[in-house]
Amino acid sequence: MHIPAILEAYPKFIETRLHNRFFKHHHLQPILDELPSEFECTIAGNSFEHRTIKLIKWGYGPVKVFLWSQMHGDEATGTMALFDLFRFLQNDLFNEFTQKLAADCTLYVLPMVNPDGAERFNRRNAQKIDLNRDFKQTLCPEALLLKQLRSRLTPEFGFNLHDQSSLWSVKKTGNPASLSYLAPAFDESLGINKTREKAMLVIADIFKTLTPYLPGQIGLFDDEYEARAFGDNFQQAGTSTILIEAGGLRDDPEKQLLRKYFFLSILSGLHSIQTKSYTAQGLQGYSCIPKNNKEIFHLLIRNIVVDQLLLSIGINYEETPEKDGCSTLKYYCVQDLGDLSGWGAYQTYEDPGYTLEGTIELYEKANFDLKKGEKIILSFRKGILQSKL
Ligand SMILES: [Zn+2]
């Protein structure tokens, strides 16, 4: 697979009708309706609030691959990447690969598993339940659908597509974990069987392909066993499951650049499966992926005098969706004070001429100005960022 050529052509097949994180179920339907006949689109089920959840089948090969996105309604990157994939599969430029992929694999795609959550830009579904903790009880129709589909399709591979907090960083780098991968564990002992090993090897392939484009910005997601989660249970049921998480990327709050690398991760995984190149990988290609940790702030003011002490201030925001689910409000909070060397940030402010006006309260909403002379560099009122230079 010639990655530079794919990246160069990416603007030609990006699904431009999805251009921020806040698209809804009704935005997806006309795009799905337009798909050509090689995409077999059927209604697989309905959400709690009766929004249709569609399954798209593409290809006719023996290796079945199941991909699903947005179990969490506010995690839209995977869905954008899947719609880019639909357009990629229709693009003549890549015929040579897509024909082989169709002959060797059958893709089953379930985008936006949680349309009711997406409507509100909320993690949970309309019953206020986290679908990815509902595997065992299956109180939610969306969870039941996903579970039944896997049992019916018996895919060899699964792609579980999510977004993670932008506050995950890659250990010892100070960089955001822009992407994280994981082959979820299937039991408490975090054992490795053939199913999980295959997922690990595909991830090793993906990591090798993507790391030149996001150096030091890809991490391994926490692999603690979660008995109620889908990835862990699908792995146990014999589907080699690959978790991909979109985190944060500097200067890309709407994740429009990150979606490209997310798409590329999926494509690279499909290529690995189609060519079976993963069989040539070793497990060290998986275990060498640096772990995620939390050593990054959204904003970091370094070496500033506060109450006659020279210290650093780490500030993070939390996003709250607006009522219409079409934007978020960011509340900034002072997260840490003191020696923050070793920590990274999306944006760092450091200048011997900087002064602070207002009070700095730990764990409280930011309410101060950062100034240089009379010029305002940063200004917060009750947690809301008023201005930023
Ligand atoms: Zn998620």
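1. A salt bridge is taken here as a side-chain nitrogen of Lys or Arg within 4 Å of a carboxyl oxygen of Asp or Glu. In this predicted model, the structure holds 22 salt bridges. The points below concern some of these contacts.

2. Glu49 pairs with Arg51, and the closest N and O atoms of this salt bridge lie 2.8 Å apart. Because its relative accessibility is 31%, Glu49 counts as partly exposed. Both residues also belong to a network of salt bridges that links Glu49, Arg51, Asp116, Glu119 and Arg120.

3. A salt bridge joins Arg123 to Asp130, with 3.0 Å between the closest N and O atoms. The partners fall into separate accessibility classes: Arg123 is partly exposed, its relative accessible area being 30%, whereas Asp130 is buried, with a value of 7%. The cut-off for a buried residue is under 20% relative accessible area, so the 7% of Asp130 places this residue in the buried class.

4. Glu357 forms a salt bridge with Lys371, in which the closest N and O atoms are 3.1 Å apart. This pair links distant parts of the chain, as Glu357 lies in strand β16 (residues 354-358) and Lys371 in strand β17 (residues 368-372), 14 residues apart. Glu357 is partly exposed at 44% relative accessibility, while Lys371 counts as buried because its relative accessibility is 10%.

5. As a general remark on such contacts, side chains of opposite charge can pair when their charged atoms come close. For inspection of the model, the pairs described above are Glu49 with Arg51, Arg123 with Asp130, and Glu357 with Lys371.

Methods. Residues are numbered from 1 along each chain as its sequence is written. This is a predicted model: local features need pLDDT of at least 70, side-chain atom pairs count only at pLDDT 80 or more; totals for chains, interfaces and linings use all residues. Side-chain values use heavy atoms; hydrogens and water are left out. Buried means under 20% relative accessible area, exposed over 50%, partly exposed in between (1.4 Å probe, protein chains only). Helices (H or I, at least four residues) and strands (E, at least two) are DSSP runs, numbered from the N terminus.
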